[in-house]
Amino acid sequence: FPDLEISSDLNSDDFEYEDEAKLVIFPDHYEISLPNIEELPALVTIACDALLSAKSPYRKQEPDSWEEELQASKHAKTLVQLDNGVRIPPSGWKCSKCDLRENLWLNLTDGSVLCGKWFFDGSGGNGHAMEHYKETGYPLAVKLGTITPDGADVYSFDEEEPVLDPHIAKHLAHFGIDMLQMHVTENGLRDNDIKPRVSEWEVIQEAGVKLKPMYGPGYTGMKNLGNSCYLNAVMQAIFSIPEFQRAYVGNLPRIFDYSPLDPTQDFNTQMAKLGHGLLSGQYSKPPMKSELIEQVMKEEHKPQHNGISPRMFKAFISKGHPEFSSNRQQDAQEFFLHLINLVERNPVGSENPSDVFRFLVEERTQCCQSRKVRYTERVDYIMQLPVAMEAATNKDELIAYELKRREAEAARRPLPELVRAKIPFSACLQAFSEPSNVEDFWSSALQAKSAGVKTSRFASFPEYLVVQIKKFTFGLDWIPKKLDVSIDMPDFLDISHLRARGLQPGEEELPDIAPPIVIPDDPKALDIDDSSVMQLAEMGFPLEACRKAVYYTGNLGAEVAFNWIIAHMEEPDFAEPLVIPAFGEVASSGAGALGAVGLDNQPPEEMVAIIISMGFQRNLAIQALKATNNNLERALEWIFSHPDPEEESDPALDTMDMENNANANILAETRSEGPRIKDGPGRYELFGFISHMGTSTMSGHYVCHLRKEGRWVIYNDLRVCASERPPKDLGYIYFYHRIPS
């Protein structure tokens, strides 16, 4: 088919254009003008009409992208700048009204440095920049940290949108800022704060080293669609795994043959299409010798049109998700789990490729007072490894650097050369294996709250082990922070000693008694457990979603709240702020109100809602909870063992929907067989890692390194090159493959 896209330039009033579409039949290149009802079969005519009327993802995303729509500010030409002697240093900035050091904006009229509040780039702050505009009327501000020789991010408070400032160089020079001296890394990613020699931006992207481009199958780049590098990095790693290659690219003809009428809304079709683009080699071809000679002769470099643009894939996979559907930067770990969730829900054959990541975790919880224990198992896909900062091997250097940094900030001098904490991997693995305190532990042996500790072990080892370094945490102001550390990740990893052992001789199990559910008369009186919120947020979930999860599960702990998140994460208002209903009202978004147990002994509405969200009917959920004294875990066990409901005198429970029976039978079968796992030895070899550059998940850039054909390769969006210095110590997510025994 011909290219039916119309460039944005042709949409302006300066041009007149006509659409012309033709159906081309290969290999003879026979052209048929459309429409042509007389010569074409009805099905072909219908297909052509659908193709011509379909909305392209390229156009769908244009309204959401501000990058192509920026207009020159009406204030730029006539902007008045005060001659107040203000000079802005190259680093060490801080909001003049609070202590924030991120998301800072320089007012171009008086040189004030103030924090923003959720501007177009997704960063947060206290809104002092906007308050300053309301007080003074000074309209333009530039975001510090975005200034490069090519421009900067400018916002107009008066026009209420990002704008262009054609005179930005002159306006910045007024405050002593020379744009030509501001550092910029490749792909337009900036880092002005630290010297290039140690900057993670430079080290991770291997800047300053001449890298050899790679071409052919498996060496295809992906275009950055605007903060979509997290998606690019994850998908490059995913399609380097043979099981995913076979499932989608190997089954491509069958997937395409059985795709629905609208393949743009079919997950397997989009995965197969993307996998074929990455692995076929059709979009990764070296330049012809004649092109290279022409470039040398003309002393110019023409960009190669290699790589794929995953717009349709991103449009589908992020549809309805409040974060991934935006143009903001996201957490690669959160997207990986989102992708696995979609793979699980869209089976492509008898074996699901996501099985290679799945493993069972045995959690041993012990009451410190009674010494009794409880063993539980859960499914997981990622090993989250804590950063053992206290084990840094260069503590003296870190202390000296911190003193110099504070002195430089106080004197408004350039910051000293960065000193990065060096953490032994063995210390992080030790921290993972050590017991952790259980917040608000309720001991069934004591029938009261007590001190409790929990230890996690592997009940099975996956075929592919994904290790996340927990670099992201939260400051006291709830702003996400990143630990800039170097960890000596091993090429070969043996975690056999972390194999679960189950109940040991001499151990006594905690009684299987559920804690009492205490519901306040007024739901607004329920405090939200910040520690549980923090645990969930560190997993990468939106902060407001974590608060809602803890609230709607009655502060029963992070584990119960995590189950709520899994059940509700596809809802459109998943990440919207928590709105606590007034007494007697019902909560929105299907979450269910925190209903008290009434005189008719009805189970708590939230527990009913959780079971309903798993695919069961309301009457079965109520019946199961009544039969188990409102114990959620036991209620699920009851459903698994009672696929056919018992007769009750309640007329509302006399009938059962066929869908309910199907769900119960399927889950009962899954329960009897257990989750599909590929257990084996716990010895692994590193074959890939994803690195993050930046200070938080809300900003920065992702790059992927993969080991292919005996050497490391760097995937930096469209650029695919042989890696010379793979920064294995600065990764965020690591991919290990099991070593056959």
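How many of the eight residues of strand β25 (residues 731-738) are buried? Keep that in mind while loading the view. This is a predicted model.

**Whole chain**

Start with everything shown as cartoon. The protein has 741 residues, and buried residues make up 47% of them. Colour by secondary structure: there are 21 helices and 25 strands. Now consider the contacts with a sequence separation of 6 or more. Residues 24 or more positions apart account for 66% of these.

**Stop 1: strand β25**

Select 731-738. Seven of the eight residues are buried, so β25 is largely enclosed by the rest of the structure. Next, bring up the strands that pair with β25.

- Select 464-469. This is β16, which pairs with β25 in the antiparallel sense over five bridges. Pick Y464 and look across to H737, its bridge partner in β25.
- Select 683-693. This is β21, also antiparallel to β25, with seven bridges between them. Pick L686 here; its bridge partner in β25 is Y736.

Keep a rule of thumb in mind when side chains are switched on. In a regular strand, side chains alternate between the two faces of the sheet.

**Stop 2: a five-stranded sheet**

Move to the open sheet with the order β4-β3-β5-β6-β7. Its pairing is antiparallel. Which strands stand at the edges? They are β4 (113-115) and β7 (161-163). Each has a single partner strand, so one side of each is left without a neighbour in the sheet. Look along the sheet to see the turn from strand to strand: neighbours are rotated by 40° against each other on average, direction ignored.

Zoom in on β3 (residues 104-107) and β5 (residues 140-143). Three bridges join this antiparallel pair. Pick N107 and find A141 opposite, in β5. Then add residues 128-136, helix α3, which packs on the sheet. Helix α3 touches β3 and β4, and its direction makes about 120° with that of β4.

**Stop 3: E102**

Step back along the chain from β3. E102 lies in the loop between α2 (57-61) and β3. Is E102 buried or partly exposed? Its relative accessible area is 24%, which makes E102 partly exposed, because buried means under 20%. Now draw a distance from E102 to L114, C-alpha to C-alpha. The two are 12 residues apart in sequence and 9.7 Å apart in space.

**Stop 4: T45 and the largest cavity**

Select 42-53, helix α1, and pick T45 within the helix. The relative accessibility of T45 is 16%, so T45 counts as buried. Hide the neighbours of T45 within four places in sequence. Contacts with N36 and L40 remain.

Turn on a cavity display. How many cavities of 30 Å³ or more does the structure hold? There are two. The largest cavity has a volume of about 40 Å³. T45 is part of the lining of this largest cavity, and so are both of its contacts just picked, N36 and L40. Add L34, P35, I37, C48, D49 and L52 to complete the lining. Colour the lining residues by type: six are nonpolar, two polar and one charged.

**Where to end**

Return to the cartoon and overlay two selections: β25, with seven of its eight residues buried, and T45, buried in helix α1.

Terms used: Residues numbered from 1 in each chain as written. Predicted model: local features only at pLDDT ≥ 70, side-chain atom pairs only at ≥ 80, totals over all residues. Heavy atoms only, no water. Helix = DSSP H or I, 4+ residues; strand = E, 2+ residues; numbered from the N terminus. Buried < 20%, exposed > 50% of the residue type's maximum accessible area, 1.4 Å probe, protein only. Contact = heavy atoms within 4.5 Å. 1 Å grid on protein atoms, 1.4 Å probe; cavity = no way out; pocket = protein on both sides within 12 Å on 5 of 7 lines; lining within 4 Å. Points joined across faces, edges and corners; volume = space filled by probe spheres on them. Nonpolar A, V, L, I, M, F, W, Y, C, P; charged D, E, K, R; others polar. Pairing = 2+ DSSP bridges. Axes fitted to C-alpha atoms, helices over the stretch in contact; angles between N-to-C directions.
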